[in-house]
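User: I am in my first year and would like a careful, close look at a single part of this structure, with the surroundings explained as you go.

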Amino acid sequence: MPNTQEIDFATVLACSVHDMKNSLCMVIQSAELIQAEGDKLSDDARAELARLNYEANRLNSNLLQLLSLYRLDRQQLPVQIDQHYLSELFEELLLKNQYFAIQQDIEFIIQVEHDLHWFFDRDLVLSVLNDAIANALRYCSRRIVLSAEVAQGRLQVQVIDDGPGFPDFMLDNANPDMHKLDLRHGHTGLGIFFAKLIARAHHNKNQRGQVTLQNNGELSGGSFSLTLP
């Protein structure tokens, strides 16, 4: 029997998450292949496939967050800053989520200049925004706005929906002074915690990125904002 005191459970968990992620990617790929044959499926089957795709992508995002948090804790998560066009980033986000959106009759509204670009870690920012979109897809009524603009020398990306808005505990977790996971209400707050860490990992001239949540936004629902220096 191995001595449990000698086992680094964080490393064991990270290795297990990595294996689960590989298996989940295969599930997602299989679902995408079936989607290509969607015209041969019944309405109920398409609805179930859309739900499977949504939940698998959401789980994949959660596993990626766990791995990233582990690497951040071990100071092994390099932040690869490079120039990226927001229109291309938005296009990939739409491709990841369009099947579920179409099945649920949800409209995406894109607001971004075609030539708008900024410097950030593409994979990390993509993960943060994809998680925000997944949350919006779950709670919105019919519309989601994905926008980006430069204001006061900083990039602001927003995910806005027409749902009931964020509950109070999520607004509390997004408080800039909160730096720990809040495990109340049966929710981990992992998504917001991860988003804030990734935002703060982007810094320039003593300025750091930040995440804010608000209600009663452009569509009278929730508004997720990622601001990068």
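Which residues does Leu94 touch, not counting residues up to four places away in sequence?

Analyst: Leu94 touches Phe108 and Ile110, once residues up to four places away in sequence are left out of the count. Please keep in mind that this is a predicted model, and that what follows describes that model.

To place Leu94, begin with its helix: Leu94 belongs to helix H3, which covers residues 86–103. Is Leu94 buried, partly exposed or exposed? Its relative accessible area is 22%, and because buried means under 20% and exposed means over 50%, Leu94 counts as partly exposed. There is also a link to another part of the chain, since the C-alpha atom of Leu94 is separated by 9.2 Å from that of Asn130, a residue 36 positions away along the chain.

Asn130 leads us to the neighbouring helix, as this residue is among those of H4 that meet H3. Helix H4 consists of residues 122–139, and H3 and H4 pack with their axes 10 Å apart, at an angle of about 30°. An angle under 35 degrees counts as roughly parallel, and H3 and H4 are therefore roughly parallel to each other. Their crossing is right-handed. On the H3 side, the residues that meet H4 are Leu89, Glu92, Leu93, Lys96, Asn97, Phe100 and Ala101, while on the H4 side they are Arg122, Val125, Leu126, Leu129, Asn130, Ile133 and Leu137. Sorted by class, the residues of this contact comprise nine nonpolar, two polar and three charged.

Helix H4 also packs with helix H2, which spans residues 43–73, and here the axes come within 10 Å and cross at roughly 140°. That angle makes H2 oblique to H4. The crossing of H2 and H4 is left-handed, whereas that of H3 and H4 is right-handed. The contact joins Tyr54, Glu55, Arg58, Ser61, Asn62, Leu64, Gln65 and Ser68 of H2 with Leu124, Ser127, Asp131, Ala134, Asn135, Leu137 and Arg138 of H4. By class, the contact of H2 with H4 has five nonpolar, six polar and four charged residues. Leu137 is named among the H4 residues that meet H3, and Leu137 is also named among the H4 residues that meet H2.

It may help to set this part against the whole chain, whose secondary structure comes to six helices and nine strands. Of the 229 residues in the chain, 43% are buried, and the chain exposes about 13300 Å², with carbon and sulfur atoms supplying 49% of that area. Among contacts in the chain with a separation of 6 or more, 70% are between residues 24 or more positions apart.

Finally, two loop residues away from these helices deserve a careful look. Most residues other than glycine have a negative phi. Gln152, however, has a positive phi near 55°, and Gln152 sits in the loop between strand E4 (143–151) and strand E5 (154–161). Asn206 likewise has a positive phi, near 65°, and Asn206 lies in the loop between strand E6 (203–204) and strand E7 (207–208). Gln152 is exposed, with a relative accessible area of 83%, and Asn206 is exposed as well, at 85%, whereas Leu94, with which we began, is partly exposed.

Technical notes:
Residues are numbered from 1 along each chain as its sequence is written. This is a predicted model: local features need pLDDT of at least 70, side-chain atom pairs count only at pLDDT 80 or more; totals for chains, interfaces and linings use all residues. Side-chain values use heavy atoms; hydrogens and water are left out. Axes are lines fitted to C-alpha atoms, for helices over the stretch in contact, and angles run from 0 to 180 degrees between N-to-C directions. Helices (H or I, at least four residues) and strands (E, at least two) are DSSP runs, numbered from the N terminus. Angles under 35 degrees count as roughly parallel, over 145 as roughly antiparallel, 65 to 115 as roughly perpendicular and the rest as oblique. A crossing is left-handed if the near helix is turned anticlockwise from the far one by less than a right angle, and right-handed if clockwise. Contact means heavy atoms within 4.5 Å. Ala, Val, Leu, Ile, Met, Phe, Trp, Tyr, Cys and Pro count as nonpolar, Asp, Glu, Lys and Arg as charged, and the others, Gly among them, as polar. Buried means under 20% relative accessible area, exposed over 50%, partly exposed in between (1.4 Å probe, protein chains only). Accessible areas come from the Shrake-Rupley method with a 1.4 Å probe; for residues, only the protein chains shown count as cover.
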